[in-house]
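Biologist: Please take a close look at a single part of this chain. Start with one residue, then work outwards to what surrounds it.

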Amino acid sequence: MSSGHEPIYPEYETETSQTSKLLQKFKETPFVPIGMAGFAVVVGYGLYKLKHRGNTKMSLHLIHMRVAAQGFVVGAITCGVLYSMFREHVLKPKE
């Protein structure tokens, strides 16, 4: 056995930190964190409005909040796909 530390997968064990890897992923796909943040905002707003919902049934309120949260996430994913298609097909130089 060798006394030195040799990485098993050298391409995965680089000198970059987890934070820099996360920031790089966010730069590659910017709409994923936007979708996650929007989902959190909708859920937070829904929990706040849950206390002040008035005569609205609980099940109806929860259905509306679920639809709003899903709509925001699907919209963010759709925008991300359109952005990546635009970047690859329109901004990509012709070969």
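Modeller: Gly35 belongs to helix α2. Bear in mind that this is a predicted model. Is Gly35 buried or exposed? Gly35 counts as buried because its relative accessible area is 5%, and the cut-off for buried is under 20%.

What touches Gly35, once its neighbours within four places in sequence are left aside? The contacts are Phe72, Val73 and Ala76. Val73 is 38 residues away from Gly35 in sequence. In space, their C-alpha atoms are 4.8 Å apart.

Now widen the view to the helix around Gly35. Helix α2 runs over residues 31–51, which makes 21 residues. From first C-alpha to last, α2 reaches 31 Å. That is close to the 30 Å expected at 1.5 Å a residue. Gly35 has company inside α2: Gly38, Val42 and Gly46 are buried as well. Down the axis of α2, these buried residues fall within an arc of 75 degrees, so they line one face of the helix. A general point helps here. An α-helix has 3.6 residues a turn, so residues three or four places apart point the same way.

Turn α2 over. The face directed away from the buried side carries exposed residues: Met36, Val41, Leu47, Tyr48 and Lys51.

What covers the buried residues of α2? The cover includes α3, residues 58–89. Helix α3 has 32 residues and reaches 46 Å from its first C-alpha to its last. The span expected at 1.5 Å a residue is 46 Å, and α3 is close to it. Four residues are buried in α3: His61, Ala69, Ala76 and Gly80. The buried residues of α3 pack against α2. Ala76 therefore appears from both sides: it is buried in α3, and it is a contact of Gly35, which is itself buried at 5%.

Follow α3 along its length. His61 is part of α3. His61 counts as buried because its relative accessibility is 8%. Leaving aside neighbours within four places in sequence, His61 is in contact with Gly46, Lys49, Leu50, Arg53 and Thr56. One of these, Gly46, is among the buried residues of α2.

Further on in α3 comes Cys79. At 39% relative accessibility, Cys79 is partly exposed. Cys79 and Phe31 are 48 residues apart along the chain. Their C-alpha atoms are separated by 7.0 Å. Ser84 is also in α3. Ser84 is partly exposed too, with a relative accessible area of 22%. Its C-alpha atom is 9.0 Å from that of Glu28, and these positions lie 56 residues apart along the chain.

Next, the record. UniProt, in an unreviewed entry, annotates residues 30–48 and 68–86 as "transmembrane region". In the model, residues 30–48 are 95% helix and 0% strand. The end C-alpha atoms of that span lie 28 Å apart. Residues 68–86 are 100% helix and 0% strand. Their end C-alpha atoms are 27 Å apart.

Step back to the whole chain. There are three helices and zero strands. From the N terminus, the order is α-α-α. Of the 95 residues, 8% are buried. The chain exposes about 8,400 Å². Carbon and sulfur atoms supply 66% of that area.

Last, confidence. The mean pLDDT of the chain is 79. A value of 70 or more is reached by 80% of the residues. Among the elements, helix α1 (residues 18–28) has the lowest mean pLDDT, at 79. Helix α3 has the highest, at 87. Where pLDDT is low, the predicted coordinates should not be read in detail.

Technical notes:
Residues are numbered from 1 along each chain as its sequence is written. This is a predicted model: local features need pLDDT of at least 70, side-chain atom pairs count only at pLDDT 80 or more; totals for chains, interfaces and linings use all residues. Side-chain values use heavy atoms; hydrogens and water are left out. UniProt positions are given in the numbering used here, feature names are shortened, and annotations may be inferred rather than shown by experiment. Helices (H or I, at least four residues) and strands (E, at least two) are DSSP runs, numbered from the N terminus. The expected span of a helix is 1.5 Å times one less than its number of residues. Buried means under 20% relative accessible area, exposed over 50%, partly exposed in between (1.4 Å probe, protein chains only). The arc is that of the directions from the helix axis to the C-beta atoms. Contact means heavy atoms within 4.5 Å. Accessible areas come from the Shrake-Rupley method with a 1.4 Å probe; for residues, only the protein chains shown count as cover. pLDDT is the predictor's confidence in each residue, from 0 to 100.
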